[in-house]
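User: Please take a close look at the aromatic rings in this model, and at what sits against them. I would like one connected account.

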Amino acid sequence: MKSRTRVVVIGGGIAGCSTLYHLTQEGWSDVVLVERNELTSGTTWHSAAQVTNFGMNQTMVGLKTHSIRLYKELAGDPDYPINYHHADGGIRLANTEAQMQGYRHFASMARGMDVHFEVIDAEECARRHPLISTENLIGGLWDPLDGDIDPAQLCQALARRARKAGAEIYRNTPVIGLTQHKDDTWTVHTEKGDIDCDIVVNACGYRVNEVGAMMGVHHPVASMEHQYFLTEEIAAIKEAGHRMPLIRCPISDYYCRQEKNGLLVGFYEKGCKTWGMDGIDPNFVNALCPDDLERVTDVLEGAFARMPALMEVGIHTVVNGPITYTIDGAPLVGQIPGKRNAFCIIGLRAGLGEGGGHGWLLAQQIVHGEACFDTWCLDPRRFAGHANVELTALKAIEDYQNEFRFHFPHEHRPAGRPAKTTPLTPILAAEGAEFTVVNGWERVDYIKPSADFHPTLGFHFDEVFDVVAAEVRNLQENVGLCEVNGFNRFEIAGTDAHDFLDRLFCGTVTRKPGRVGLGYLLNHHGMVKAEATVANLPASDRGPARIWYGSAAASEYHDMDWLMQHLRDGEDVRIRSLTNDQTILVLAGPKAREVLSACSRGDWSKEAFPWLSVRECFVGFAPATVMGVSFSGELAYEIHVPNASLYAAYLALRKAGEPHGLKLFGARAVESMRLEKGFLHWKADLITEFDPYETGLERFVKLDKGSFIGRDALNERRRKGPSRKLSTLVVDCTHAPAHRGASVMQGASVVGTVTSGDWGHRVGRNLAYAYLKPELAEVGTEMTIDVLGELIQAHVIPHSPYDPDLTRVRS
């Protein structure tokens, strides 16, 4: 066994084997996989092993497409062919029009990845799968490339190729400890000796937290028992002359696929069970849980109704084994929060179907620092400290019970709520607030007009439309107040603090005391990595001169890792997080200055406190730090308040606002207003697939300022010219927004993808942002957008259709 290697992958299931193989494909052959038992002896061996192209976003579609292409290539290898039933086809059923709307959107989104789904009616579903009934069925989504694969053969094929490329695999080699050294390298301690390495990858399936504990981390992964059974032969299948398509049924919570001349039928029952919460037997290897078919009788009845042939056939085999879930159902693939040179590929509940793509994207991140797609939807850092296993178990049960029911826009399911709150949460709830969730935080979405107000879930504009319009109108004419909790806030101090930030930002970092600046951080490929405000707080009785670095609530762990990763030895820079200690109250509208002046001493005039200023003060008697910044495009103040004083500040602002028509507003209003202003959303419009020139941020780039991360790569990209340009479009319809991922078309060709869309209530237009081919980004260019299966006319307009000269912000 090697004593030194570049990467050690821990775990020999699909996640580990795929990662090992793809590392060799990216050019790293000095890599090792260690497995405590035999390959595939955890969850992989008993997987139902379905391989679909369906995904909830383009990254997921892209990685699944890679899996299908890879598996097809492996199946065709004459030296080591594997069993892969490719392109049997699959149908996701629907019995509501809202579900069909979703399928039309997902088909539009997938088209941008050159994946072609088909939305079909109930009769066509039955024609393609003659064993199903059309009772209570509207239609479905057809995936022509759906299929299934042999789990063990797949992993052995990947392992074989990895070995041929120079990788080594050590079976029956349990890991018993991990040690990280001062230079951030690792020693992997096994029962057969130690291996020193640069990088460790946790690919341990349901034992993920056993290995996580060895490096002092806690992953939001929990396991669920999952049952399926194999039937005896079914005559209709044997006589059909072709393989039956796969079925996934959100109506009856089951799936099925052909297995020999029978069916494999799996269930997602309401009375489901977590597994392994109190520890896992070390001898649970190639093992299953006890059969418990009584638990699935309610789901089985629905399956019988949908597929009557099941009532006439015997059960051959029952499989009940653990599968892993994360806190939001999507895998964790990427850098482990707070750790250097440590990655994970875990929580792969659909591991066989997706595993080829997950290993592909992870290998790219390890070798190149970034993958070809933005991987935020998979990033382990998309959750913060609230994401413990107990909370994950609650969300896993909820996800399990809704396995084939996608989340609708603005749908926030109740399990695990509320995870993070402020002193104002119950106060705002009493005011009628409906809450959305941002990185676990309960944040006001809008203020309900009545206690029994329940909007319809769907992809069209819903009953909240008029509520948001009223919030925006009052803010535009008078003044509004909104709580923005969870906003990421780091305090950076030290004599080298500005030089440090200057090295990370691609533009000028303001050094003037009492001023605020916005800037962008790039990765080493010159792509947009992060967006942040930098506020220079002068020395006061609250502390010495220091910098506040502020960014999106979801970026808390992501940005801290990036900053800490680029600190130099001996640099006088100190970083501490204030994210959970303070909350922002946003005061916005033309009367905001009058309200603030009525409850805070000092001169708040335009001359004394212009736009992009920062000042420490008191609101009422609550200590506060006020910034003159706006995400709404109106005169606005961000009022940062310690949580202990938040309620006092809120009361002072509400009282001061009474004569000026102050009303509360929420995140839905903010989303509408920021689209009108041309302001971008991190990880919707700002992603690592595009550079600042493509994103329309060239005014924030200063190439002649000296060295900064990504400068050389950005220079080279600028020389080659943009591949896409972020543009603002008006969509010529009033019934639905262009949802994120929708395909922008010219004729039959996809020419761009929507990143954000909503109604602009101040400009009275249906707005969308989309990355377009550069030649189509000119103002006035006409095209169509596939909005829920209908091609809607759209055209490019200037960015920031509302107050483009910023006169209202500066007023």
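Analyst: Arg615 lies over the face of Trp604, at 4.3 Å from the ring centre, and in a second arrangement of this kind the charged end of Arg128 sits over the ring of Trp142, 4.7 Å from its centre. These values come from a predicted model, in which side-chain atom pairs count only at pLDDT 80 or more.

Turning from charges to ring pairs, the structure holds 32 aromatic pairs. One of them joins Phe408 and Phe459, whose ring centres are 5.8 Å apart and whose planes meet at 65 degrees, so the pair is edge-to-face, the cut-off for that class being over 60 degrees. Phe408 belongs to the loop between helix H10 (389–401) and helix H11 (425–430), while Phe459 belongs to the loop between strand S22 (441–447) and helix H12 (464–477), and the pair therefore ties together parts that are 51 residues apart in sequence. Phe408 counts as buried because its relative accessibility is 16%, against a limit of under 20%, and Phe459 is buried as well, with a relative accessible area of 3%.

The loop between S22 and H12 also holds Phe461, which forms an edge-to-face pair with Trp759, at 6.0 Å centre to centre and with 90 degrees between the planes. Trp759 is in strand S36 (residues 749–760), 298 residues from Phe461, and the pair links distant parts of the chain; Trp759 is itself buried, with a relative accessible area of 14%.

Finally, Phe408 and Phe459 belong to a cluster linked by ring pairs, together with Phe54, Tyr103, Phe106, Phe117 and Phe406.

Methods:
Residues numbered from 1 in each chain as written. Predicted model: local features only at pLDDT ≥ 70, side-chain atom pairs only at ≥ 80, totals over all residues. Heavy atoms only, no water. Phe/Tyr/Trp six-rings, centres within 6.5 Å; stacked < 30°, edge-to-face > 60°. Helix = DSSP H or I, 4+ residues; strand = E, 2+ residues; numbered from the N terminus. Buried < 20%, exposed > 50% of the residue type's maximum accessible area, 1.4 Å probe, protein only. Lys NZ or Arg CZ within 6 Å of the ring centre and 35° of its normal.
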